[in-house]
Amino acid sequence: MDFAFPIRIYWEDTDAGGIVFYANYLKFFERARTEWLRSLGLEQQKLREQTGGMFVVTQAQVDYHRPARLDDQLLVTARLQASGRASLTIRQQALLQSAADGPQLLSEASIRIGWVDGASMRPQRIPISLLEQLS
């Protein structure tokens with residue numbers, strides 16, 4: 001099941017044309033991933049303090065289908081798509097909440113996050129206990 005995080009669109013999210021600036025979807029996806037981890041009992045700062053490691057985005061593929069506008073209410077989802085020894089692939093969507101037609105897909109992404117040592121920024125294996133919590 002996908003984790004869903006609600007987001008409302010504010011002035012600061014829009015461009016001169018009154019639609020959400022494309023790069024802001026990456027911010028929305030980041031917030032949803034962070035809240036997804038938090039819902040699993042995994043706070044990123046605590047992970048770094050306890051393990052010395054942290055997640056970093058290593059790849060993002062984003063498709064844009066429809067624009068979001070000022071005051072729109074979105075649901076931004078996160079779902080573990082694949083896991084490896086040192087990275088995870090998260091499937092994400094930004095959906096417009098619409099009472100009449102049901103949720104409408106605005107944007108979708110495949111985000112790859114790697115596990116690195118927080119001091120050296122070198123890739124490391126994701127701790128087994130962390131992988132178990134994510135599965």
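Of the 135 residues in the protein chain, 38% count as buried. The model is predicted. With the whole chain displayed, the C-alpha trace spans about 45 × 30 × 25 Å along its principal axes. The chain exposes about 8,000 Å², and carbon and sulfur atoms supply 49% of that area. Among contacts between residues at least 6 apart in sequence, 65% join residues at least 24 apart.

**Colour by secondary structure**

The chain holds 3 helices and 5 strands. Read from the N terminus, the elements run β-α-α-β-β-β-β-α.

**Select the sheet**

Select the strands next. The 5 strands form an open sheet in the order 1-3-4-5-2, and the pairing is antiparallel. Strand 1 (3-8) and strand 2 stand at the edges; each has a single partner strand, so one side of each lacks a neighbour in the sheet. From one strand to the next, the twist averages 25 degrees.

Now add helix 2, residues 44-51, which packs on the sheet and touches strand 2 and strand 5 (104-117). The direction of helix 2 makes about 140 degrees with that of strand 2.

Go on to strand 3 and strand 4 (residues 87-96), which run antiparallel and are joined by 9 bridges. For one place to look, pick Ala-78: its bridge partner in strand 4 is Gln-92.

**Select Thr-77**

Thr-77 is found in strand 3, which covers residues 73-83. Is Thr-77 buried or exposed? Its relative accessible area is 6%, under the 20% cut-off, so Thr-77 counts as buried. Show what surrounds Thr-77, leaving out residues up to four places away in sequence: it touches Asp-2, Phe-3, Ala-4, Ala-32, Arg-91, Gln-92, Gln-93 and Leu-95. Two of these names, Asp-2 and Arg-91, return below as salt-bridge residues, Asp-2 with Arg-79 and Arg-91 with Glu-108.

**Select the charged pairs**

Side chains of opposite charge can pair when their charged atoms come close. The model has 4 salt bridges; the stops below include the following.

- Arg-79 and Asp-2: the closest N and O atoms of this salt bridge are 3.0 Å apart. The pair links distant parts of the chain, with Arg-79 in strand 3 and Asp-2 in the segment before strand 1, 77 residues apart. Arg-79 is partly exposed at 35% relative accessible area, and Asp-2 is partly exposed at 32%.
- Arg-33 and Glu-30: here the closest N and O atoms are 2.5 Å apart. Both residues lie in helix 1 (residues 24-39), 3 residues apart, about one turn of the helix. Arg-33 counts as buried, with 6% relative accessibility, whereas Glu-30 is partly exposed at 33%.
- Glu-108 and Arg-91: the side chains meet in a salt bridge at 2.9 Å, N to O. Glu-108 lies in strand 5 and Arg-91 in strand 4, so the pair ties together parts that are 17 residues apart in sequence. Glu-108 counts as buried at 15% relative accessibility, while Arg-91 is partly exposed at 22%.

**Select Arg-112**

Stay in strand 5 and move to Arg-112. Arg-112 counts as partly exposed, at 37% relative accessibility. Which residues is Arg-112 in contact with, leaving aside neighbours within four places in sequence? They are Val-56, Val-57, Thr-58, Gln-59, Ser-87, Leu-88 and Thr-89. Measure from Arg-112 to Thr-58 in the viewer: the C-alpha atoms are separated by 5.6 Å, although the residues are 54 apart along the chain.

**Select the surface patch**

Switch to a surface view and select Phe-21, Tyr-22 and Tyr-64. These residues form a nonpolar patch on the surface, with about 320 Å² of accessible area together. Tyr-64 belongs to strand 2, which covers residues 53-64. That strand is an edge strand of the sheet, with a single partner strand. At 39% relative accessibility, Tyr-64 counts as partly exposed.

Methods: Residues numbered from 1 in each chain as written. Predicted model: local features only at pLDDT ≥ 70, side-chain atom pairs only at ≥ 80, totals over all residues. Heavy atoms only, no water. Patch = residues over 30% accessible without salt bridge, like charges linked within 9 Å, V, L, I, M, F, W, Y side chains within 5 Å. Areas by Shrake-Rupley, 256 points an atom, 1.4 Å probe, with all protein chains shown as cover. Helix = DSSP H or I, 4+ residues; strand = E, 2+ residues; numbered from the N terminus. Buried < 20%, exposed > 50% of the residue type's maximum accessible area, 1.4 Å probe, protein only. Contact = heavy atoms within 4.5 Å. Pairing = 2+ DSSP bridges. Axes fitted to C-alpha atoms, helices over the stretch in contact; angles between N-to-C directions.
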